[in-house]
Each structure stands twice: as structure tokens, then as C-alpha cells.
Amino acid sequence: MTLVIKGGRVIDRDGERVVDVVIDNGVIAEVGTNLSGDRMLDAIGCIVSPGFVDLHTHLREPGREEAETVETGSRAAALGGYTAVVAMPNTEPTQDSIAVVNLVRSLGERAGLVEVMPAGAITIERAGKQLAPFAELASAGVTLFTDDGNGVQDPLLMRRAMEYSLGLGITLAQHCEVSRLTDGAVMNEGSCCSHLGLPGWPSIAEELMVFRDIELARLTGAGIHLLHLSTSRSVELVRAAKAEGLTVTAEATPHHFTLTDETLRSFDSVFKVNPPLRTMADIEAIKVGLRDGTIDAIATDHAPHPQESKEQPLDQAPPGMLGLETALSLALGELDLDLLQTIALLSWKPAAIARLGARHGGPIAVGRPANVTVFDPDLSWTVKPSLLASKSRNTPYAGRTMRGKVRHTIFNGDAVVVDGTAQR
Amino acid sequence: MKHLRSIEELDAAGILSLLELTDHMVEINARPIPKVPALRGKNVVNIFFEDSTRTRLSFETAAKRLSADVMTFSVGTSSVNKGESLRDTIETVQAMGVDAFVIRHKSSGVPWQISNWTDASVINAGDGWHQHPTQALLDCYTIRQALGRKGGFEGLRIAIVGDIKHSRVARSDVQAFAALGAHVTLVAPPTLLPPSIAGWPVETSQDLDSLVGKVDVLYLLRMQRERMSEALIPSLREYTDRFGLTADRARRLGDSTLVMHPGPMNRGVEIAVDPSELPGNVIIQQVANGVAVRMAVLFQLLGQGDSLA
Ligand SMILES: [Zn+2]
Ligand SMILES: [Zn+2]
């Protein structure tokens, strides 16, 4: 059975054109005008782009299935236009062994909504003591390693991790947080936390590790991907590192370019996140970084938590917020970028960082795997937590009206989202 | 006014009218039978997630003198079982019918969270490092009473000394004193100030000696021992040398300088003299005024225009 995407405006790394796209047997079979197929997906007024890739998703399974499962998270991802997500390793047990990695991957295959690429941990149990078996996990297809949730505190261990990663064809990614500086921290350190009497989370806790890892990249020759930059100084450090030609990449989350620490004046724990929401100046710096290429990718850090765990005092509530179903709209509405740049940040640039470029993010061209997103850039919609596909409800955008919504998502040739509705 | 979660919920006129209401309560408390039926049938629930015998008794007494029904739960935060959220706890109690919650919690913001989950009034009896509005009101009342002032605090110079960073009393007092027109100086090493006080209506100083004898009110905060292990001060001895009320500084205090402390005191640390020997010591009046101020707050929130008998 062939599928034809009719009348959309295709935008990929090769530019843009209005064409129909025929998909057959999981690959793009034909691109041109006046094409037909067994099943038609209307794309008039819509953008047709390579599927999005999220470098930073917490799917919570195994171990925290009350917050999210691979299946519910995959559904949220597909509805958000993603065809691949990198599943963070802070599961229970940790994704530091072949068995756990294979379990997560097979749960992803069973859900069949997106490619679930389990990230490996850098250290065993993310405890920061002993390296995880990079080569063994790489041979099982793991391409990205991180202790996300924790930064690797020990500079010696991080140096060795980077040296050992050389030649393995893997990407190391750092959650930049010097934990000694954030003990008990709840929100950005500044005038707002001072007023609210909440323990401050200083920017420098992030920036010191950004700086350290840039210097380790220089020393070792290994690359490093920096997760969820949140401060203006972090952006500056990465910009300088790139100007020197170091192999440093970085991502930013939609919440870090749309929300400030002022939101916590409500004391609503939905706004508690790691790293914390910062200031308007930081937001501006991140937006500039996304615009000028300093920041390579928009990543969600989708971090579901059940309502009861968020309904705790702020210092006890876990950090994290949903992101998969709102990222595109926020990127379209808040960044003032052209569509090509926006899609690059959501699709082929993160695909390259996660080393998924062979299957995701490639041009809409004959012979390519059919991982395609069709979105209406003008459709306005209002975020209703109860209507999100995620098992949790902790979106900070409840009630917010956004512009731009995914209409169809095609994963491996399969229309998994049609007219904004998940098909499985 | 529905809640009293923060001093910021009151303007100067609001503070002054509560202080005037407190005068009535002081008068009631001086009667042979210090009890009026003003809040008969109202249900006041104290939930103290952090223990504070003094504040708890003060609120209980205040509610009883207004004839409200009072229930008190002391919930050690550790005893809240893991599966039950803060919201579950509140909703369980709420089911009994509650007109006002009096909440004490070691975490900042809990009274705000609770006010989103209940129709009852919420009175903050101290949240984390954030606010303790009835303490600020009783401090204002005590100053007013001791100095015989009727209006605001224009021209009054107040120094708040010590661990401002971790102090809900300091945050509430700064707002209340400044709202009434006082000139407030925070005296502390930079490590014990909040990360940013941009916009606070205060001056700062590290030189207590230059202020002693010049201020009308010397407000000493409690200095907790664990601040040493957090590298905030080198030692309690050095703290006392720089920021404590030593015998030498006590001699240089004017006779009319009020000395205040929110209690409990660390004798030998922030106060190294016997406070009862200080002519301006009003620490005991602070405690005494607590009940009357809390009666005023409860009546203001729950009295619905009923007159005081
Ligand atoms: Zn992280
Ligand atoms: Zn994360």
C-alpha cells in the first residue's frame, strides 16, 4: 500500500518546494507533482519536513511507569512530530547494560510510534565512579552516552570517559551541574529566590562544568554535547569554543527560552526544573544562540512526573516538565527564526548529534527512510493537560494558546499520527 | 482579605488597622475572663509540619479566646507517608470542615500551595525562609507599644542583625517596618544576606559598632550553629565578636533603644549579655503580644463584620 502526502510545502536541508511525496514500503518512493497513492494525506497549507529528533526524553520505563511508559512517551513524541527520541538513561535499573538498553529499545519497537534510541550511562548506575561499558553498548547500537540527571562530577573520570570514547563512534553528553554548588537548590539564584526565601541554584554551577568540559574537549580531542544550556554565560562559553574549532555541541529546551524564574512566585512546582528557569537576559542569550548556530538543537528534556509527586512542597517536588507535545509550537512562536532554521534545530541537527542521520533528518528524497512530519504552522490551539498523550500532566503551559501543530507523522512509512490523532 | 500568607498582602493602612484591632484584643486579654464569642462556630485548624511550641500555643490560645473550635495537628514531615502528597493531607483535613488553616512548614511557599487546594482561609505561621507575617505584626505592635507611637514608623531607625538569608522573620519584618515608614538597615556578613537584595527597601552594613547608639531598635536574629559547617561564618566566636550584642555594645546602647529577638535566643551567640538587664529589652513583650495579634488576624479573616463583644 502506498501513501501520498499531497500538496504540502516540503522543507528540508536542500531547501523548499511544493511537491507530493509518495511513500512505499517504508521509504520515500517518489517526489513530484500530481502524484497519487492508495491512501492520501492532505498537506495543503502545511509544511512537510524530515521527522524531528529529540535528543533528550525521559521515558521513565523501566522503573517509573507511574510517570510515563515507553508507549505513552512515544505517543506524545509522535504527536509532537518526532520520529526518534533519545531515551535518557536514568531509569531503574539504569541503562548501563545491554539488557536494559535492549529492553527499552524493544519496548519502543513494540509501541511502534517513534524510534526509541536508549542512551547509555557514562558511569555505572550513574554513580560517577566507574565507566559504563561504552564499546559493548556501542556494539548494541547505543550512540549517545550521558549520566543525565547528574553531571559527572569527577574531572578525572570525565577526562577518561572522553579519551576512551575516541574512535568508538559515540557522542558523550553532559548534564552540566557542579552538585556541590546546588545542594538543596530549588530555583535560580537571584532576586526572585531571595525574595521567595527559596534556596538558590546559581548559574555558575552550570557554567563551571561547561567550561571544564570544553577544556577537556580541547585536551582530549574528544567531542562533547552539552545538554540543556540555561545561562547566558554558558552560551558565550560554547560560542567561544566553537570559534576555536572545538568539537562542542549544545542544546536548549523550549522552557529555557520561554519561561523565567518569576513563574515560581506562584510556588507552583510545575515550574521547578533542572536546570532551573533563569532570567529574561538568559532567555535572550539562548535565543541568540539558537539563531547564530551556537546552540545546535532544540531538545525537550521531557520529564514526566505524576501529579502527587508534584503536589509536594517545592523543595521536595521533583524537577522536570513535559515538553514533547509543545516544543514545535514554542519553537515556531517564540524564536523568530525562518522555518528552515527551526526545522534544522528540531530535525537534522539533533539527528547528527545522536548519530541517527542515516534514518532521521535526511532530505525528503527518493530512497530515504520515510520518517516525515507534516505540520500546520498557523493552526492555533490551547494546551489542555488532560488532552496530552503523556501519562503525566506536568506541563508548564496549561491554558496557553500556541500557534503551529503537527498534523501527520510518518514513522518508517507508517502514518502513526493522522490529522493530529495518534493511530496506535 | 481572605488569607494572610505574606506581609505583602497588607499595605500600611492594612497593617495599622490590624494593630488597632490588636489594641482591642489586648483589652479583652486583660479582662478577668478573657474570652469573647466572636468566632463561635468557626473551625480553625493548626497544622504544624515543623514543631514550634510557642507559635502553636499562641495561635491555639488566640482562637480559643475568640471561641473558635481549634484542632491542632503536629505533622512531622518525616511522618507524612511517601505515597500521600501534601495535597492529600490537606484534603483529608478539609473534609472535616475548616474555616481557617494555620500552617507552619519548613518549606517556603507551602501556604500558597495549600490556598490553591482549599476554600478556607490560610494563615502563614512561618514557611521556610520566606514569611512569618504574624511575627512581623507582633513586632510592629511591640515597637508601637514600647515607643508609644500611634501612627507609622516615620523617622524610626531599625537595625536587623544576623542571618537574614535564612530568616522568614527578617523578610517579613523588612516589609512591615518599611511599609510603616521606618529606615531599615540589615547588618550581616555577605554570606548571611540573600543572594540579591535588589529592590529591598533597606541599607546594608557589616559594622554593627557604627550603628549601636544610633538606632532606635536593635533586632537580633537567631544564629544557628549549622551555619558554621556551611562555611557561612568561620566560627560562632567570630560571629559574636562582629555581630553579637556583647557587654561592650550593650553599654553603648541608648536607654531607649529597643532590643528585640524572635526567639528562641542563643545566649552567648547573638546576645552575650543578660537581656533582662537591658533597659530597652522588649523580648518578653513580643511573646506576650503574640496572642493578641493572632486574635486580631483571626478576627479580621473570619469575623465577617461581626462586632467584638
Ligand atoms: Zn539534565
Ligand atoms: Zn534530563
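At what angle do helix α4 (residues 155-165) of chain A and helix α6 (residues 203-220) of chain A pack, and how far apart are their axes? Select both helices to begin the tour, keeping in mind that this is a predicted model. The two helices pack at an angle of about 45°, and their axes are 10 Å apart, which makes α4(A) oblique to α6(A). Viewed as a crossing, the arrangement of α4(A) and α6(A) is right-handed.

Now show the side chains where these helices touch. On the side of α4(A), the residues to select are A:Pro155, A:Met158, A:Arg159, A:Met162 and A:Glu163, and they meet A:Arg212, A:Asp213, A:Leu216, A:Ala217, A:Leu219 and A:Thr220 in α6(A). If you colour the residues of this contact by character, you should find six nonpolar, one polar and four charged.

Next, move to the metal site and select the zinc ion (ligand 1), whose coordinating atoms come from A:Asp148 (OD), A:His175 (ND1) and A:His228 (NE2), at 2.0 to 2.1 Å. Along the chain, the donors of this zinc ion (ligand 1) follow the spacing D-x26-H-x52-H. Add the zinc ion (ligand 2) to the selection, and you will see that it lies 3.4 Å from the zinc ion (ligand 1), with A:Asp148 coordinating both. A:His175 sits in the loop between β10 (171-174) and β11 (187-188) of chain A, while A:His228 sits in the loop between β13 (224-226) and α7 (232-243) of chain A, so the pair ties together parts that are 53 residues apart in sequence. Both A:His175 and A:His228 are buried.

From the loop that holds A:His228, continue into α7(A), and select with it helix α8 (residues 280-292) of chain A, which packs against α7(A) at an angle of about 25°, with the axes 8 Å apart. Because of that angle, α7(A) counts as roughly parallel to α8(A), and the crossing of α7(A) and α8(A) is left-handed. The contact is made by A:Ser232, A:Val235 and A:Arg239 of α7(A), together with residues of α8(A) that include A:Ala281, A:Ala285, A:Ile286 and A:Val288. The residues of the contact of α7(A) with α8(A) divide into five nonpolar, two polar and three charged.

For the last stop, select A:Gln312, which lies in the loop between α9 (307-310) and α10 (327-334) of chain A. Is A:Gln312 buried or exposed? It counts as buried, because its relative accessibility is 13%. Leaving aside residues up to four places away in sequence, A:Gln312 touches A:Ala317 as well as B:Glu84, B:Ser85, B:Leu86 and B:Gln113.

Notes:
Residues are numbered from 1 along each chain as its sequence is written. Chains are lettered from A and ligands numbered from 1 in the order in which they are written. This is a predicted model: local features need pLDDT of at least 70, side-chain atom pairs count only at pLDDT 80 or more; totals for chains, interfaces and linings use all residues. Side-chain values use heavy atoms; hydrogens and water are left out. Axes are lines fitted to C-alpha atoms, for helices over the stretch in contact, and angles run from 0 to 180 degrees between N-to-C directions. Helices (H or I, at least four residues) and strands (E, at least two) are DSSP runs, numbered from the N terminus. Angles under 35 degrees count as roughly parallel, over 145 as roughly antiparallel, 65 to 115 as roughly perpendicular and the rest as oblique. A crossing is left-handed if the near helix is turned anticlockwise from the far one by less than a right angle, and right-handed if clockwise. Contact means heavy atoms within 4.5 Å. Ala, Val, Leu, Ile, Met, Phe, Trp, Tyr, Cys and Pro count as nonpolar, Asp, Glu, Lys and Arg as charged, and the others, Gly among them, as polar. Donors are N, O and S atoms within 2.8 Å of the metal (3.2 Å for Na, K and Ca); water is not among the atoms, so sites may look incomplete. Buried means under 20% relative accessible area, exposed over 50%, partly exposed in between (1.4 Å probe, protein chains only).
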